[in-house]
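Student: Please show me the structure, and then let me ask what the terms used for it rest on.

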Number of protein chains: 2
Amino acid sequence: MSVRHAVLGLLAQRPRHGYDLRAAFQAMVGGEENWDVKPAQIYTTLARLEKSGLVKEDSVEQDAGPEKRIYALTRAGQNTLTEWFNSGTEPDHQRDEFFIKLMIGLVSGVADPYQLIHTQRGHLYQELHKLTTQRGLSDPKKELANILMLDKVVMHLEADLRWLDIVEARLDEIQRQPLPEPESKPRGRPRKN
Amino acid sequence: MSVRHAVLGLLAQRPRHGYDLRAAFQAMVGGEENWDVKPAQIYTTLARLEKSGLVKEDSVEQDAGPEKRIYALTRAGQNTLTEWFNSGTEPDHQRDEFFIKLMIGLVSGVADPYQLIHTQRGHLYQELHKLTTQRGLSDPKKELANILMLDKVVMHLEADLRWLDIVEARLDEIQRQPLPEPESKPRGRPRKN
DNA sequence: ACAGCCATGTAACTTGTTACATGATTTT
DNA sequence: AAAATCATGTAACAAGTTACATGGCTGT
């Protein structure tokens with residue numbers, strides 16, 4: 001849902017061609033490690049936007065190199081964009097794969113929840129470490145978008161880590177006063193970290 | 001990607017039919033307000049899993065009411081499930097719509113970033129308030145999954161709020177020492193909150 | 001009698017990914 | 001001469017949503 005509007009926004013800045021849009025988008029989210037938009041998506045999105053009348057082909061440049069199909073916003077496109085800005089934004093309600101994995105682990109008896117948590121914690125710490133060293137090095141020269149994205153990812157990694165601690169605490173609580181759960185016999189808890 | 005594996009996991013617990021799977025899934029994520037899985041997705045997923053040989057129709061019950069097509073895991077399904085548990089889980093790298101909205105706002109000059117932040121903060125506080133009162137009321141009687149999901153959502157809402165503060169601080173910094181940005185002339189910052 | 005739950009599905013559509021395919025220019 | 005970058009797209013697929021369609025049983 002975001003890419004569609006991002007394309008409109010970038011075209012509001014100035015008319016652009018597909019390749020340019022992709023580069024601008026990637027710069028905006030701080031590189032492909034954060035959000036790798038495939039060329040295919042840009043071009044198909046452009047085609048769809050054109051079909052919907054939100055965008056139109058402005059001109060075709062060709063100055064040494066392949067031709068560039070420049071697209072521009074239509075009035076309808078501008079309206080759609082301002083509507084987007086004026087509407088609220090849902091905080092993307094965490095359809096988190098790990099949550100599902102943990103719950104399925106608890107319920108199906110196929111995997112040990114404590115093991116899952118342990119693994120995931122390691123994973124998150126590793127990621128966090130990678131990012132914070134990255135951030136420490138090149139902070140001043142990086143662009144705003146890049147920095148903000150890093151901030152965001154770090155905040156959420158920390159939130160996930162805090163959540164894992166809470167989950168563990170809650171599981172411990174339950175093991176002290178076991179509740180009537182059918183299939184899943186509680187396993188012994190391995191040593192912490 | 002999650003629903004597919006969730007279905008496998010729930011079938012590992014015991015054979016089930018589509019309607020039952022849906023109910024179990026919804027219970028697991030703590031109700032439709034968190035993750036509303038449509039019936040259509042359950043049934044199409046089951047059909048795909050069957051075509052892939054991970055699941056097979058076990059029997060058809062009919063005891064007063066419509067017939068229930070009971071599905072069970074195949075050996076291949078069990079393998080897929082354990083592979084899933086043994087593989088790492090990416091923390092769902094925040095393809096957050098608000099981030100894009102803010103960046104496009106900054107870059108396109110169409111919307112005021114401070115206004116966007118202000119609106120979003122209000123939105124998040126409201127949500128947070130709704131959840132914490134909800135949590136305060138019925139904590140002991142609720143099921144584990146429900147509680148964990150609430151914990152998770154709250155952690156991430158708080159992370160988002162902290163992030164908004166950081167963003168504002170960074171924008172203020174830039175306004176004190178303006179950088180060479182072409183299109184977007186900085187707007188006056190409206191009063192906080 | 002009607003509403004609501006139980007239970008199943010199909011069709012059309014949207015967003016996004018993967019893989020393939022082409023070809024020119026610039027850099028090494 | 002080869003590799004990287006610029007630039008465009010198509011085809012097939014996967015996941016998910018919306019809307020539609022059907023029908024029986026249960027409670028008011």
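The questions below set values against definitions.

Tutor: This is a predicted model: local features need pLDDT of at least 70, side-chain atom pairs count only at pLDDT 80 or more, and totals for chains, interfaces and linings use all residues. Residues are numbered from 1 along each chain as its sequence is written, chains are lettered from A and ligands numbered from 1 in the order in which they are written, and side-chain values use heavy atoms, with hydrogens and water left out.

Student: What rotation and shift superpose chain B on chain A?

Tutor: Copies are superposed by least squares on the C-alpha atoms of residues with pLDDT of at least 70 in both. Here a rotation of 180° with 0.0 Å of shift along its axis does so, with an RMSD of 0.1 Å. That is the relation of a two-fold axis.

Student: Why is it said that the copies meet through the same surface?

Tutor: Contact means heavy atoms within 4.5 Å. On that rule, 68 residues of chain B are in contact with 68 residues of chain A. Because 100% of the interface residues of chain B are also interface residues in chain A, the copies meet through the same surface.

Student: What area do chain B and chain A bury between them?

Tutor: About 6800 Å², with 66% of it on carbon and sulfur atoms. Buried area is the accessible area (1.4 Å probe) that two parts lose on being put together, summed over both.

Student: What makes Asp96(B) and Lys152(A) a salt bridge?

Tutor: The term asks for a side-chain nitrogen of Lys or Arg within 4 Å of a carboxyl oxygen of Asp or Glu. In this pair the closest N and O atoms are 2.9 Å apart, so the rule is met. Across the interface of chain B and chain A, the rule finds six salt bridges.

Student: Which helix supplies the largest share of the side of chain B that touches chain A?

Tutor: The helix is α7(B), with 20 residues. Helices (H or I, at least four residues) and strands (E, at least two) are DSSP runs, numbered from the N terminus.

Student: How far is the side chain of His123(A) from the backbone oxygen of Thr89(B), and what makes that a polar contact?

Tutor: A polar contact is a pair of N or O atoms within 3.5 Å; within protein, one must be able to donate a hydrogen and the other to accept it, and residues adjacent in sequence count only if both atoms are side-chain atoms. The side chain of His123(A) reaches that oxygen at 3.4 Å, and His123(A) itself is in helix α6 of chain A.

Student: Which residues are closest to DNA strand C?

Tutor: They are Met1(A), Arg48(A), Tyr19(B), Tyr43(B) and Lys68(B), among 20 residues that surround the strand. A residue is near a strand if one of its heavy atoms lies within 4 Å of it. Sugar and phosphate account for 70% of the atoms of DNA strand C that come within 4 Å of the protein.

Student: Which polar side-chain atom lies 2.8 Å from a phosphate oxygen of DNA strand C?

Tutor: One of Arg69(B) does. A backbone N or O atom of Gly18(B) lies 3.4 Å from a phosphate oxygen of that strand.

Student: What about DNA strand D: how many residues surround it?

Tutor: 19 residues do, Tyr19(A) and Gln41(B) being among the closest. A polar side-chain atom of Lys68(A) lies 3.2 Å from a phosphate oxygen of DNA strand D.
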